Amino acid sequence: MSDQSFLNFLNLPDGADLNLVERLFASRLDKDTKDGLETYDDAQASQSLTLMKEYYYKLHDYVSEWAHEEKLKNADKDLNEFSSTKKSAEDALKLVHSHMIESATCLFHIKRFNYQLETEVNEMGDVTKQSLEEASKIGGDLGALFTKNTQKKLMLQQKLDELTPAYEITKKVEALLAEIDKEINDICGKDEAVARMRSIVSSYRTENFTRIRTVLREITEKKGKSLLGGSKKDAITRLDTNLTQLTELLSKNSKILLSSDQRLYLGPAEVETVYDDLLKQLGTIKAFMVKNYVIYLRHRFILMKGLEKSLNDTSSPKELLSTYRKLATAIAEPLTTLKESRFFENDVIEPAQRHIKTQGKTIHDILERAQTYMSELRT
């Protein structure tokens, strides 16, 4: 974008003062991205964020070109001994521009979060008597409980999700165990069958699949010639088949069927009992969170406003924009005295470099905390 087209973009005449460009740029940016801040629509917010970054790149193109042209105009006035100051200003200008976009992006997200939180706090009306000050005190204690309960809620929900396929599998397990019980009764008689089934069920529950083949061999050896023909021979064949099928089914799905005490679920009733207990625990957590949500919401709003203040205190986009303008001026204006050079080095360039070095990670940390606050609130 040429100098003139950028100035037209801001409705400014050719040769407009850089101070005026700075103010109108900030005003235009706020105006054109406001809809993206005051929305729950992520797509609309993303569009505004993209637009904001485009504006900053347009600004950089204009300022860089303007500073370069002004530097060329004043080349005959500049003293060569101050060329390093100009070079330092040019390097710092690029760094501040990148830092400014990071800061503006962080502030955009935080302002949007604050819009949502404030909207929800206002919508709650007189649901609770606690003022924001009271919410700040009480909410601090609730924060740890909400975090703990949120983590537990996610864990319980995961377990519930895992129990759904377990329930379907145990229906097949139960059916096969019923067949096995019938066949052992046919082969061994009722009294012996009880002990045999107890051993089989115990072996399956503890995944001792080797023991299953031992039980089958013991039955075969004990009954001997009585299994050579007739119904008992058919029963031992069916028993062998069903034991093999059940072993394969449990072996294949052992992770899904493994209970908290490291034993396998073997019937849908067992799964239902655990499922119901988890539902009760989940209900208790949800009831707590609903009861205290308003206070917690207000507390999160207070924390988020604190993050916005921290960002503005350390890396305000508007302050960075002012620094950016001063660096551009250092590049553009002729340096004719040591005093002028020292001024730009000590009062503009070095503070800008120091700020980026010390506060570069701060922006990332603030945004990460803001996203964590919202994530915990929405989970």
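This is a tour of a predicted model, stop by stop, with what to select at each one.

**Nonpolar cores**

Start with Ile184, Ile200, Tyr204, Leu239, Leu246, Leu250 and Met304, the residues with the most contacts inside the largest nonpolar core, which has 57 residues. Colour the helices next: two or more residues of this core come from each of helix 4, helix 5 (132–188), helix 6 (190–205), helix 7 (209–223), helix 8 (230–252), helix 10 (268–315) and helix 12 (338–378). Helix 5 gives the largest share, 13 residues.

Now centre the view on Tyr204. Is Tyr204 buried or exposed? Tyr204 has a relative accessible area of 0%, so it counts as buried. Beyond its neighbours within four places in sequence, Tyr204 is in contact with Leu177, Phe209, Ile212, Leu243, Leu246, Thr247, Leu250, Leu264 and Leu266. Apart from the largest core lies another, of 45 residues, and Leu7, Leu10, Tyr62 and Ala330 are among them.

**Aromatic pairs**

Show the aromatic rings. The model has six aromatic pairs. One of them joins Tyr204 and Phe209: the pair is tilted, with 6.2 Å centre to centre and 55° between the planes. Phe209 has 18% relative accessibility and counts as buried, because the cut-off is under 20%.

Move to Phe343 and Phe344. The centres of these two rings are 5.3 Å apart and the planes are at 65°, so the pair is edge-to-face. Phe343 is partly exposed, with a relative accessible area of 43%, whereas Phe344, at 9% relative accessibility, is buried.

Then select Phe6, Phe9, Tyr55 and Tyr62, which ring pairs link into a cluster. Add Lys58 to that selection. Over which ring face does Lys58 lie? Lys58 lies over the face of Phe9, at 4.6 Å from the ring centre.

**Two buried positions**

Go to Ser341, which is in helix 12. Ser341 is buried, at 3% relative accessibility. Leaving out neighbours within four places in sequence, the contacts of Ser341 are Phe82, Thr85 and Leu335.

Next select Ala104, in helix 4 (residues 83–124). Ala104 also counts as buried, with a relative accessibility of 6%. Which residues does Ala104 contact, leaving aside its neighbours within four places in sequence? They are Met52, Tyr56 and Pro317. Add Lys53 and draw a distance between the C-alpha atoms: Ala104 and Lys53 are 51 residues apart along the chain, and these atoms are separated by 8.6 Å.

**The largest pocket**

Finish with a surface view. The largest pocket has a volume of about 460 Å³. It is lined by 25 residues, and those closest to its centre are Asp30, Leu37, Leu107, Phe108 and Lys111. Which helices each supply at least two residues of this lining? Helix 2 (18–37), helix 3 (42–73), helix 4, helix 10 and helix 11 (317–332) do. Keep helix 4 and helix 10 selected for a last look: each gives two or more residues to the largest nonpolar core, and each also supplies at least two residues of the lining of the largest pocket.

Definitions and conventions:
Residues numbered from 1 in each chain as written. Predicted model: local features only at pLDDT ≥ 70, side-chain atom pairs only at ≥ 80, totals over all residues. Heavy atoms only, no water. Helix = DSSP H or I, 4+ residues; strand = E, 2+ residues; numbered from the N terminus. Buried < 20%, exposed > 50% of the residue type's maximum accessible area, 1.4 Å probe, protein only. Contact = heavy atoms within 4.5 Å. Phe/Tyr/Trp six-rings, centres within 6.5 Å; stacked < 30°, edge-to-face > 60°. Lys NZ or Arg CZ within 6 Å of the ring centre and 35° of its normal. Core = buried A, V, L, I, M, F, W, Y, C linked by side-chain atoms within 4.5 Å. 1 Å grid on protein atoms, 1.4 Å probe; cavity = no way out; pocket = protein on both sides within 12 Å on 5 of 7 lines; lining within 4 Å. Points joined across faces, edges and corners; volume = space filled by probe spheres on them.
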